[in-house]
Each structure stands twice: as structure tokens, then as C-alpha cells.
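This report describes how the parts of one protein chain fit together. The sequence and the model come first, and the description follows.

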Amino acid sequence: MSQDRFEIECDRLSQASDGAQYERLRWERNEGPMLARFVALVHAAFEQRSEFELAEEGSTTAVKRFILKIHSNRVVAIALWLKDGSANIQAEQIERSPYRVADATALSVDFQLVDQQWMASAMQELFSRVHN
């Protein structure tokens, strides 16, 4: 039996034994590290900009959400999540901010294409949608 077929059978039996536990462990093994890398790229995009700060607020296991503060002012939320192998990022309006998001449509790309260059382009596009 090949390793892939063995893994498939292990997954099948694990899921049959306890579906909720299986899904949690599957997520930690697969999507969890991908989402962590996605978040790291967002943070890296602002490394050279000390006036920009990302404060995690309203995150869940599957969706990471950060408040973008510029000069300590709450501007917008940045939400990141994975779905069906794609990376998604979206700007959201937040309370206590005079800024509005003209288009809240998420940007989506195959996760394998996410890198620093893609992140810079995505953030540029999201920022172009923010107005006060």
C-alpha cells in the first residue's frame, strides 16, 4: 500500500471515529500553517513602516482579523482566511474610524501564488478602496 493510500485510510478511520476531532487535527496539520504564513506576509509588508501597526481583533481559528492603525489611529480592519486552496484578504470598515471602504470585495488567489510581491499588490489595492 502506498503512503498516500495509507494516509487516506488513516483519515477515513480517524474521521469515522470522531469527526470533530479529525477536522480540528486536519486543520492544524494543513490550513493552520498556511494561515500562519499568510499572516506573516501581512506583518512583513509593514516592517519598514513604523507608523503602521496591526492589532489582532475579532479573529477566529479560521479567520484572522487585524485592525490597521496608522499613527495610532484606527483606520480599517484587514481580514485573512483560506478557502478551498485559495487565500483571501479583505478590508473592512470598523467602528470608531472615519474611514470608509468603497469596495469590500475580497481579493482571492491560489495560496501557492501568495508571496511578498502579491501581498504588496493586494495591500495596495485594498488601500486604494479606503477613503475618509
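Gln90 counts as buried, because its relative accessibility is 17% and the cut-off for buried is under 20%. The model is a predicted one. Gln90 belongs to strand E4. A polar atom of the Gln90 side chain lies 2.6 Å from the backbone oxygen of Ala104. With neighbours within four places in sequence left aside, the residues in contact with Gln90 are Ala77, Ile78, Ala79, Trp81, Ala104, Ala106 and Leu126.

Arg26, a residue of helix H2, can be set beside Gln90. Arg26 has a relative accessibility of 18% and therefore also falls under the 20% limit for buried residues. The side chain of Arg26 makes a polar contact of 2.7 Å with the side chain of Glu31.

**The sheet**

Strand E4 is part of an open sheet of five strands, arranged in the order E1-E2-E3-E4-E6 with antiparallel pairing. E1 and E6 are the edge strands, each pairing on one side only. On average, neighbouring strands of the sheet are turned by 25° against each other, direction ignored. In general, the strands of a sheet pair through backbone hydrogen bonds, and the pairing is either parallel or antiparallel.

Two of the strand pairs are set out below.

| Pair | Bridges | Residues standing opposite | Residues between the strands | Positive phi |
|---|---|---|---|---|
| E1 and E2 | five | Phe52 and Ile70 | six | Gly58, about 80° |
| E2 and E3 | eight | Phe66 and Ile78 | two | His71, near 55° |

Both pairs run antiparallel. E1 and E2 form a hairpin, with Gly58 in the turn, and E2 and E3 form a hairpin as well.

**The helices on the sheet**

Which strands does H3 touch where it packs on the sheet? H3 is in contact with E1, E2, E3 and E4, and its direction makes about 150° with that of E3. H4 also packs on the sheet, touching E1, E2, E3, E4 and E6. The direction of H4 makes about 30° with that of E4.

The span of H3 agrees with expectation, because 15 residues at 1.5 Å a residue should span 21 Å and the end C-alpha atoms are 21 Å apart. The buried residues in H3 are Gly32, Leu35, Phe38, Val39, Leu41 and Val42. An α-helix has 3.6 residues a turn, so residues three or four places apart point the same way. The cover over the buried residues of H3 includes helix H2, E1, E2, E3, E4 and H4.

**The nonpolar core**

In soluble globular proteins, nonpolar side chains tend to be buried together. Here the largest nonpolar core has 29 residues. Which of its members touch the most other members? They are Phe38, Ile78, Ile89, Val114, Trp118 and Met119. At least two residues of this core come from each of helix H3, strands E1, E2, E3, E4 and E6, and helix H4.

Three of these residues link back to the parts described above. Phe38 is among the buried residues of H3. Ile78 stands opposite Phe66 and is one of the contacts of Gln90. Val114 touches Arg37, Phe38, Leu41, Ala87 and Val109, not counting residues up to four places away in sequence. Among these contacts of Val114, Phe38 and Leu41 are buried in H3.

Methods. Residues numbered from 1 in each chain as written. Predicted model: local features only at pLDDT ≥ 70, side-chain atom pairs only at ≥ 80, totals over all residues. Heavy atoms only, no water. Core = buried A, V, L, I, M, F, W, Y, C linked by side-chain atoms within 4.5 Å. Buried < 20%, exposed > 50% of the residue type's maximum accessible area, 1.4 Å probe, protein only. Helix = DSSP H or I, 4+ residues; strand = E, 2+ residues; numbered from the N terminus. Contact = heavy atoms within 4.5 Å. Pairing = 2+ DSSP bridges. Axes fitted to C-alpha atoms, helices over the stretch in contact; angles between N-to-C directions. Expected span 1.5 Å × (residues − 1). Polar contact = N/O pair within 3.5 Å; in protein donor to acceptor, adjacent residues only side chain to side chain.
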